[in-house]
Amino acid sequence: ISIASKGNSTNTFILSNNSRLTNGLATTDLQGTQKLDMELRNISSSNQTFNLDDFNATGSDALTIDAKNISRAVTIDGKKGNTAAGTYKTLATANTSYNITHYNVGTLTVRDLQAKASGIALNLESDNNILLNNLNADGSSAALNINLDMADNKTLTLDGITQSSSGLVTLDVQGGTVKTLTINVTGNASSFTLKNTSSGDMNKVNITGNQALSMKIDDLAGSKAAEIDASAHTTGKITISSVAEDDDFTFKAGSGGSDVTGHTSAANTLIGNTGVDKFTGGSGVDTFGFMDNATALSTSGSGDGTTLSGTIDEIAAGFASNSDKIQFVDSSGSLITDYTVSPAVSNGIMSFHSDDDKLAEKVKQLQATASILAKEIVVFQQDDDAYLFAQGDSLNNDDDVLIKLTGITNGATLTALTESSDNFLITFA
């Protein structure tokens, strides 16, 4: 059916479908320029889709759909029949909001909408899973605020949530019941800011899926320690940045690699995986964990022609002398306890012949040095950076670990590598 909302005030009504009909109501095309407030009842025959191509009401509460009393999935579709990413219904009037409430059975899906103005809001309430597909904010003042009132331990699936031309998409988990949320990233990459503002009770986010994700954390968990566990995420880099949070923060990477900035004034625990992981700490005492035997690290050639291939993880900034810790973990993220500072190297600081002045040459020497045994580690300088090298299970093997500590020897000198309860500290001054 088609429903055209016209007149001078909000049209309010109940939409019902006799459940005894053989061919039940499935699709409703909404039209018109007047606000609409609709409750669904007695619709049990089909999942419900509402197409908004020709619905042009604007302002606060432009559209309200109350689907609490039906046992069907509900889809809000900005572009009827669209399957192409990047094609949207545009919302260009500031402070326009849609309110969708969906309980009982099935997933609530919202798709194909673009904010071209400030204050565009999708207020979504559901006690089941939610799917957001092909949503965008475009323009210097464009803001798409997606306010989520969800039940605990549900999944928010994201497919192509994007920000372009300085636009901002914010996912704000509200309502107070959510302590753990799973974000499944699939189909297309997504980029947004994640908040938990109303109650500050959400303290764990699981990230799954197989697409890249860029997420800024803003006010996550209120006054509680927060954890983001992406260990089940398989493909695509996860990029996470943080505003000035002061609560402890733990991150576990997936196999697609990561670029994660911890909370600026808290104790961060940042744990890598088999991909290339880049971590930035804060002013608190941070722990950086890197996977043992993650991927092949190998050299080829000789002399100045030596080349290096394989995974090089990185601590980009925020590593404090004789305070922050490096550790090694297994595939489950558990601490490995059989690494030790090489006793054959004074203070754990490795030196090289002057001819070995390139990183690849130094790694080649380390992999072949008989005095550095399996599971022993050293640290050395290369230009303005320090590198921590961990010998693998045997010499000349490629299961070694190499970690770059960016910039810490720019104006400073390495003085010691020490071990404390299977954590390793580097002193430089």
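Analyst: A salt bridge pairs a side-chain nitrogen of Lys or Arg with a carboxyl oxygen of Asp or Glu within 4 Å. With that cut-off in hand, Lys358 and Asp357 form a salt bridge in this predicted model, their closest N and O atoms being 4.0 Å apart.

User: How should I read the surroundings of that pair, and to what degree are Lys358 and Asp357 exposed?

Analyst: The idea is to set the accessibility of each partner beside the distance. Lys358 has a relative accessibility of 35% and counts as partly exposed, and Asp357, with a relative accessible area of 42%, is partly exposed too.

User: How many salt bridges does the structure hold, and how many positive and negative side chains does the protein have?

Analyst: The structure holds 13 salt bridges. As for the charges behind them, the protein has 26 positive and 49 negative side chains, and the centres of these two sets are 12 Å apart. Salt bridges may also join into a network, as happens with Asp77, Arg111 and Asp112.

User: Which parts of the chain does the salt bridge between Lys195 and Asp218 link?

Analyst: One begins with the geometry and then asks where each partner sits in the sequence. The side chains of Lys195 and Asp218 meet in a salt bridge with an N to O distance of 3.9 Å. This pair links distant parts of the chain, since Lys195 belongs to strand E17 (residues 190-195) and Asp218 to strand E19 (residues 213-218), 23 residues apart. Lys195 is partly exposed at a relative accessible area of 25%, and Asp218 is partly exposed at 24%.

User: For the salt bridge of Lys404 and Asp385, which strands hold the partners, and is each one buried or exposed, wholly or partly?

Analyst: Here the side chains of Lys404 and Asp385 meet at 3.8 Å, N to O. Lys404 lies in strand E34 (residues 401-405) and Asp385 in strand E33 (residues 385-390), so the salt bridge ties together parts that are 19 residues apart in sequence. On accessibility the partners fall into separate classes, because Lys404 is partly exposed with a relative accessible area of 23%, whereas Asp385 counts as buried at 13%, the boundary for buried being under 20%.

User: How do I read a helix in the same spirit, and how many residues of H1 are buried?

Analyst: An α-helix has 3.6 residues a turn, so residues three or four places apart point the same way. The protein has 1 helix and 36 strands. Helix H1 (residues 359-368) is mostly covered, with 7 of its 10 residues buried. Those buried residues are Leu359, Ala360, Glu361, Lys362, Val363, Leu366 and Gln367.

User: What covers the buried residues of H1?

Analyst: The cover includes strand E27 (297-300), strand E28 (307-310), strand E32 (376-382), E33 and E34. Two of these strands have appeared already, as Asp385 lies in E33 and Lys404 in E34.

User: How many aromatic pairs does the structure hold, and at what angle do the planes of Phe251 and Phe279 meet?

Analyst: An aromatic pair is read from the distance between ring centres and the angle between ring planes. The structure holds 8 aromatic pairs. In one of them, Phe251 and Phe279 are arranged edge-to-face, with 6.4 Å from centre to centre and 75 degrees between the planes. Phe251 lies in strand E22 (residues 249-252) and Phe279 in strand E25 (residues 277-280), so the pair ties together parts 28 residues apart in sequence. Phe251 is buried, at a relative accessible area of 0%, and Phe279 likewise counts as buried at 0%. For comparison, Phe380 and Tyr387 form a stacked pair, 5.7 Å centre to centre with 15 degrees between the planes. Phe380 is buried at 0%, and Tyr387 is buried at 7%.

User: Which residues do ring pairs link into a cluster?

Analyst: Phe251, Phe279 and Phe290 are linked by ring pairs into a cluster.

User: How do these details fit the whole protein, and what share of its residues counts as buried?

Analyst: Of the 429 residues, 50% count as buried. The C-alpha atoms fill a box of roughly 85 × 40 × 35 Å along the principal axes, and the protein exposes about 16700 Å², of which carbon and sulfur atoms supply 43%. Among contacts between residues at least 6 apart in sequence, 59% join residues at least 24 apart.

Note on methods: Residues numbered from 1 in each chain as written. Predicted model: local features only at pLDDT ≥ 70, side-chain atom pairs only at ≥ 80, totals over all residues. Heavy atoms only, no water. Helix = DSSP H or I, 4+ residues; strand = E, 2+ residues; numbered from the N terminus. Buried < 20%, exposed > 50% of the residue type's maximum accessible area, 1.4 Å probe, protein only. Contact = heavy atoms within 4.5 Å. Areas by Shrake-Rupley, 256 points an atom, 1.4 Å probe, with all protein chains shown as cover. Lys, Arg positive; Asp, Glu negative; His and termini not counted. Charge placed at Lys NZ, Arg CZ, Asp CG, Glu CD. Phe/Tyr/Trp six-rings, centres within 6.5 Å; stacked < 30°, edge-to-face > 60°.
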